[in-house]
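Work through the exercises below with the sequence and model at hand. Each task is followed by its solution.

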Amino acid sequence: STIYAGFVNGTYKFGDFEVTGGLRYNKDVKSYVGGVNGFPIVTPGMVRRTWNSLTPRVVLSYHPNRDLLFYASYTAGFKSGAYNTTAFALVPIDPEKVKAYEVGLKISPTPGVTVNSALFWYDRTNEQVQAQDPVSGLQNLENAAKSRSKGAEIEITARPLPGLSLQAGASYLDARYLSFPEAIVYTPTPVGPGMIPGSLGNTATSTDISGERTERSPKWNFTLAGSYKIELANGGSIVPSGNIYHTSSYVFGAGGRLRQPGFTLINAELAWNLSNGVTLAAWGRNLTNKTYYINFKSNAFSDSGTANEPRTYGVRASY
């Protein structure tokens with residue numbers, strides 16, 4: 001592939017307001033050759049495609065002082081088309097395009113407290129998603145016609161006491177396929193009396209999943225974190241810290257059959273910072289030993305998943 005790109009960006013300030021404008025041009029040229037065991041299947045010059053894009057960005061912000069920033073933005077994005085080379089595809093996958101709208105507020109209402117918040121709305125066309133080809137068994141890209149993501153997020157940072165730092169965050173996401181009429185969906189093949197459920201694998205069907213949630217898109221996320229720096233007389237310090245992360249359920253793959261239930265993770269660390277620049281620490285991750293999937297997929301034979309790391313802990317030294 002060969003990619004050419006150029007962009008221009010500028011900001012104009014008037015009073016307490018700023019206007020930022022930008023424009024980017026992309027030209028992507030892609031081709032490939034391929035074969036099996038020395039036998040050519042896709043020969044030079046057989047496939048070649050050029051995609052061009054012109055994507056703007058506009059931001060209007062109100063910034064009267066260092067403690068307040070309000071902004072509204074519009075940005076267009078472009079993800080190049082591609083070939084499913086492992087399948088020796090001659091027809092490419094279309095480019096994915098997005099129109100992103102966002103308004104946000106960043107404010108420090110009192111010393112030591114910062115609040116960042118935003119509302120967003122993303123419209124995507126020809127979203128590129130992965131799916132397993134029921135004939136070849138290969139993981140290929142395909143296009144979903146339209147999808148939309150909208151939501152809100154907030155993050156609060158506070159330092160109520162010397163050495164004490166607290167953070168809290170939350171996000172809400174509603175991400176759905178507006179149009180995906182021919183998604184490849186795997187469902188368990190029905191079995192006869194006395195047979196083990198699922199023993200005949202899965203059956204692939206072309207299904208309209210318009211209106212369903214997109215993959216790996218939990219509705220809610222929450223985070224809590226804190227640390228406390230205890231100064232020592234010799235110039236060093238001891239810093240206990242920890243964080244909690246919670247997510248609501250989300251789906252893997254088209255059709256929503258494979259679902260990860262919501263879960264909570266807890267991590268912690270105790271660090272000893274010596275005055276000579278050496279740090280010694282003990283840490284633990286996933287302290288409740290929660291099991292959840294980081295990947296879950298279906299094919300014609302079975303459903304298979306990869307679990308996260310279990311409870312892990314250790315020590316580290318750094319300088």
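**Exercise 1. Burial and surface**

Task: Find what share of the protein chain counts as buried.

Solution: Of the 319 residues, 28% count as buried. Buried means under 20% relative accessible area, exposed over 50%, and partly exposed in between, with a 1.4 Å probe and protein chains only. Next, take the surface. The chain exposes about 18900 Å², and carbon and sulfur atoms supply 59% of that area. These areas come from the Shrake-Rupley method with a 1.4 Å probe.

A note on the basis: this is a predicted model, where local features need pLDDT of at least 70 and side-chain atom pairs count only at pLDDT 80 or more, while totals for chains, interfaces and linings use all residues. Residues are numbered from 1 along each chain as its sequence is written, and side-chain values use heavy atoms, without hydrogens or water.

**Exercise 2. Fold content and spread**

Task: Count the helices and strands, then judge the spread of the chain.

Solution: Start with the count. The protein chain has 0 helices and 22 strands (DSSP runs numbered from the N terminus: helices are H or I of at least four residues, strands E of at least two). Now the spread. The radius of gyration is 25 Å, well over the 20 Å of the globule rule for 319 residues, so the chain is more spread out than a compact globule. The radius is taken over C-alpha atoms, and the rule is 2.2 Å times the number of residues to the power 0.38. Last, the box: along the principal axes, the C-alpha atoms fill roughly 70 × 60 × 40 Å.

**Exercise 3. One strand residue**

Task: Place Thr 157 and list what it touches.

Solution: Thr 157 lies in strand β9 (residues 139-158). Its relative accessible area is 15%, so Thr 157 is buried. Leaving out residues up to four places away in sequence, Thr 157 touches Gly 112, Val 113, Thr 114, Leu 166 and Gln 167. Contact here means heavy atoms within 4.5 Å.

**Exercise 4. Aromatic pairs**

Task: Count the aromatic pairs and classify the one formed by Tyr 172 and Trp 220.

Solution: The whole structure holds 13 aromatic pairs. Rings of Phe, Tyr and Trp (its six-membered ring) pair if their centres lie within 6.5 Å; planes under 30 degrees apart are stacked, over 60 edge-to-face, the rest tilted. For Tyr 172 and Trp 220, the centres are 5.0 Å apart and the planes at 55°, so the pair is tilted. The pair links distant parts of the chain, 48 residues apart: Tyr 172 in strand β10 (residues 164-179) and Trp 220 in strand β13 (residues 220-228). Tyr 172 is partly exposed at 30% relative accessible area. Trp 220 is partly exposed at 38%.
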